[in-house]
Amino acid sequence: MKWNIPLFKIFSDEQDYDLIHQVIKRGSYWTTGPEVEKFEQEVAKYVGLKYAVSFTNGTAALHAAMLAYGIGKDDEVIVPSFTFISTANVPLFVGAKPVFAEIDTETYGLDPEDVEKRITSKTKAIMPVHVGGAPCLIEELKEIAEKHDLLLIEDAAEAFGAKVHGKMVGTHGDIAMYSFCQNKIITTGEGGMLVTDDKDIYNQLKLLRSHGRADDADYFSKSETNDYISLGYNFRMSSITAALGLAQMSKVDKIIEMRRNVAQQYNKNLGGISQITLPIERPGCFNVYQLYTIMLESQEIRDKLKSALTKDKIMTKVYFDPIHLMKHYQNMGYTIGELPQTEDIAKRVLTLPLYPEMNEEEVSYVTKSIRNPINKISEG
Ligand SMILES: Cc1ncc(COP(=O)(O)O)c(C=O)c1O
């Protein structure tokens with residue numbers, strides 16, 4: 001479908017092209033070049049943690065985090081079902097069990113009370129998600145993790161730059177992941193990053209990322225061979241990708257401001273329509289609006305609205321259909337009805353287009369297309 005208004009658009013400029021070209025023209029170190037470490041340092045500095053390790057994508061990064069903390073067979077990881085499939089898949093990669101907990105109706109992130117109920121002697125970690133750039137109840141979840149001596153692994157894939165009481169999301173737990181996939185706050189096409197303050201974990205992550213190879217930094221520029229001291233993968237980000245990451249980092253605050261402005265226009269245009277619940281920014285929180293998700297009163301209204309917008313060539317999407325209802329998870333024994341709140345929310349949400357350069361006219365086109373069917377639905 002050729003959309004009049006797509007769901008997202010990448011924000012890029014000359015600097016993105018320039019930095020990539022520099023690496024290509026250099027003709028060497030297209031992998032393990034200085035850009036990789038520099039990008040990692042910039043991200044660590046931006047969020048205020050000591051260490052950052054880049055990966056081919058966010059899923060590989062979370063997989064490495066599971067391995068670095070020794071999460072495996074017979075362990076349980078508490079995750080939301082209202083998220084992208086990776087969040088629940090990564091415990092499965094290492095033989096652990098994802099245990100789904102409910103989400104709260106405001107942030108769509110894990111509900112701390114429900115999380116606490118699902119802790120067992122097998123629980124090793126809580127992995128909350130900051131859905132669509134909105135900080136979840138991370139302070140409350142941190143308290144629970146500390147009380148029960150559990151790891152707190154933040155899936156901050158969608159929330160780079162979001163804050164709670166001035167503290168970046170991704171810095172509340174033991175480790176966090178940011179994704180740089182093309183619809184995220186900044187993007188390198190594919191890419192991901194883990195951030196932590198733990199030096200041992202940092203060292204392990206570097207081994208996991210590159211074949212378990214000792215003295216990895218010099219591999220391509222020295223004639224001696226290396227020892228391989230543990231089992232590892234090739235999850236390395238290329239220098240070209242990292243160069244793009246550096247260029248994107250230089251404008252991250254501008255991108256976030258542009259996103260927030262678009263969200264404000266939506267809030268203004270859609271405010272006061274009683275049938276629509278708008279995304280919220282809780283007091284003390286800073287939402288980066290990776291997604292702009294509205295909630296309708298019923299699935300029927302949501303689906304009618306989605307069809308009306310599709311007719312106007314406006315792309316929308318349901319973020320997210322619950323993971324426990326996916327075929328693969330149903331085959332594993334997860335059942336319909338086990339998370340009533342999550343299932344209800346998932347039936348009623350709809351994500352609208354939002355991208356940094358979306359102008360007032362485009363927002364108005366979307367919001368007018370929403371008002372007409374909503375008025376008709378209310379009348380009918
Ligand atoms: C919440 C969440 N977790 C994990 C991921 C996985 O990241 P990636 O696509 O970089 O592998 C994504 C990205 O789509 C995501 O939105």
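**Strand pairing, domain contact and ligand shell**

In this predicted model, strands β8 (residues 175–179) and β9 are paired in the antiparallel sense, with 5 bridges between them. Within this pairing, Met177 sits opposite Leu194 of β9. Strand β9 also has β1 (residues 51–55) as a partner: the two run antiparallel and are joined by 5 bridges. Here Phe55 is the residue that faces Gly192 in β9.

The strand held by these two pairings, β9 (residues 192–196), is mostly covered, and 5 of its 5 residues are buried. Its side chains can be sorted by direction: Gly192, Leu194 and Thr196 point one way, while Met193 and Val195 point the other way, and all are buried. Leu194, the residue opposite Met177, thus shares its direction with Gly192, the residue opposite Phe55.

Attention now turns to the ligand. The shell around the ligand has 14 residues, of which Gly58, Thr59, Phe84, Ala157 and Ser179 come nearest. Helices α3 (58–68) and α4 (86–93) each contribute at least two residues to this shell. Sorted by class, the shell around the ligand holds 8 polar, 4 nonpolar and 2 charged residues.

At the level of the whole protein, the domain assignment gives domain 1 as 14–249 and domain 2 as 252–379. Their C-alpha centres are 26 Å apart, and the contact between them draws on 30 residues from domain 1 and 26 residues from domain 2. On the side of domain 1 that touches domain 2, β6 (163–164) and α8 (239–249) each supply at least two residues. This side of domain 1 comprises 16 nonpolar, 9 polar and 5 charged residues.

A last site worth a visit is Ala214, placed in the loop between α7 (199–209) and α8. Ala214 has 12 other C-beta atoms within 10 Å, and because a residue counts as exposed at 12 or fewer, Ala214 is exposed. Ala214 nevertheless has partners from further along the chain: leaving aside residues up to four places away in sequence, Ala214 touches Asn226, Asp227 and Ile229. Tyr228 belongs to the same picture, with 14 residues separating Ala214 and Tyr228 in sequence and a C-alpha to C-alpha distance of 5.8 Å in space.

Terms used:
Residues are numbered from 1 along each chain as its sequence is written. This is a predicted model: local features need pLDDT of at least 70, side-chain atom pairs count only at pLDDT 80 or more; totals for chains, interfaces and linings use all residues. Domain bounds come from an automatic or database domain assignment. Two residues are in contact if their C-beta atoms, placed from the backbone, lie within 7 Å. Helices (H or I, at least four residues) and strands (E, at least two) are DSSP runs, numbered from the N terminus. Ala, Val, Leu, Ile, Met, Phe, Trp, Tyr, Cys and Pro count as nonpolar, Asp, Glu, Lys and Arg as charged, and the others, Gly among them, as polar. A residue is near a molecule or strand if its C-beta atom, placed from the backbone, lies within 6 Å of it. A residue is buried if 20 or more other C-beta atoms lie within 10 Å of its own, exposed if 12 or fewer, and partly exposed in between; C-beta atoms are placed from the backbone. Two strands pair if DSSP finds at least two bridges between them.
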